[in-house]
Each structure stands twice: as C-alpha cells, then as structure tokens.
Amino acid sequence: ARLGEIQVAGMSFRRRSLLAGACAKIQNWRLRKDRQHFHPKPTKRHKMIDLHSHILPALDDGSPNMAASIDMAANYVANGFHHVVATPHVLPENIGAQWASFLKARVAKVNKALRAASIPLTVSPGMEIAIAPELPEFLEAGLLLPLADSRYVLIETPFERLPTYWEQILFEVAARGYRVLLAHPERCIQL
C-alpha cells in the first residue's frame with residue numbers, strides 16, 4: 001500500500017471509496033430512472049389527463065357520432081392531453097349485466113379509430129355513476145366501472161339535494177377499497 005492509503009478487505013481505502021461512489025451513482029441513476037418511469041416529465045404537448053369525458057359516440061350528452069369523437073380527440077391533443085377516461089352517465093338501478101362490456105367495446109372502437117386517424121390519445125373506460133343504494137354491490141360485482149381500471153369511482157351528485165343515504169353509500173364504496181371522486185359537486189345545492 002502506498003503512503004496515506006489504508007488497507008480494508010484487500011483493497012486500498014481510496015479504491016474502495018471510489019467503488020462505493022460509483023455504486024452510489026449507479027443506484028441513484030436507477031432510482032431516477034424508476035421515478036421517470038412512474039412519473040414522466042410532462043412535455044408542453046402531452047401532459048394532461050381528463051378523468052371525466054363524454055367522448056364516446058352516440059351515448060348520452062357527448063359526441064353524436066364517431067367523426068365528432070375524432071374531432072374531440074384532436075382537440076384534446078392540441079390542448080395538451082394524452083389520455084381521457086370516457087365516463088357516460090349511468091343509473092345503477094337501470095344497469096344491465098352487459099353494460100360494462102358494452103362500454104369497454106365502445107372504448108376499444110374509439111381507440112381503434114384514433115389510431116387509424118394517427119391521433120395520439122388514449123381513451124379508457126369509466127362511468128359517471130348516479131348515487132343510488134345499489135351502487136356498492138353493483139360496483140363490487142363488476143357491473144359498474146371505476147375510472148380506467150383503477151380503484152377510483154366517479155359518482156355524480158344530484159342537482160337538488162343529496163339522498164338521505166348518501167353518506168352510507170360513500171362509506172360502503174370506500175370500505176370496499178375504492179376512492180370516491182364527486183362529479184359536479186358545485187351543482188348540488190346541499191354541497
């Protein structure tokens with residue numbers, strides 16, 4: 001060993017500290033790379049997600065047809081969006097067993113049309129669900145869709161007053177592991 005170096009486990013202290021520094025840099029690089037993977041830096045053009053959209057054609061108060069849906073998608077991209085969640089209105093008491101699969105098929109059809117039109121926007125399925133006593137059970141049974149296959153549920157508040165059971169419904173939804181997002185709370189006089 002040279003003068004001023006200390007031998008540790010067969011390596012000089014200087015070499016060991018250089019090796020430790022290199023390992024730390026590699027570890028920091030891996031952590032930064034992981035963070036970028038989960039939280040990509042937004043670009044000027046594609047940085048936003050819309051969690052409440054009526055982009056699906058010929059459903060409720062949204063797009064009247066596929067051409068209008070494509071125009072909406074082009075506007076989304078032009079304004080910095082890269083992802084939207086299609087959330088048509090749903091009344092749990094009127095839902096059928098095939099409604100969720102119907103919406104997923106409609107979303108797939110829109111995504112296919114967007115790819116054909118070279119529009120870089122992804123549409124995911126979801127629902128704007130009216131608050132009703134059946135909501136927690138229907139959600140658990142897969143008859144209602146959370147936002148983009150997540151654990152977030154978009155629940156529409158009524159225009160007038162909330163039903164007397166509203167707190168119990170939200171509690172039951174949360175107890176099943178879902179997070180509640182309220183659509184249009186400003187419209188509800190009670191809130």
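What covers the buried residues of helix H5? The structure examined here is a predicted model, in which local features need pLDDT of at least 70, side-chain atom pairs count only at pLDDT 80 or more, and totals for chains, interfaces and linings use all residues. Residues are numbered from 1 along each chain as its sequence is written, and side-chain values use heavy atoms, with hydrogens and water left out.

Helices (H or I, at least four residues) and strands (E, at least two) are DSSP runs numbered from the N terminus. In H5, which spans residues 166-175, the buried residues (under 20% relative accessible area, 1.4 Å probe, protein chains only) are Ile169, Leu170, Glu172 and Val173. These residues lie on the same side of H5 because they cover an arc of only 160° around the axis, the arc being that of the directions from the helix axis to the C-beta atoms. An α-helix has 3.6 residues a turn, so residues three or four places apart point the same way. The cover over the buried residues of H5 includes helix H4 (135-140), strand S8 (152-156) and strand S9 (179-183), where contact means heavy atoms within 4.5 Å. Glu167, Phe171 and Ala175 are exposed (over 50%) on the face turned away from the buried side of H5. Gly177, which follows H5, has a positive phi near 95°.

Helix H2 (residues 66-78) buries Ala68, Ser69, Ala73, Tyr76 and Val77. These buried residues pack against strand S3 (48-53), strand S4 (81-86) and helix H3 (99-116). Just after H2, Gly80 adopts a positive phi of about 95°.
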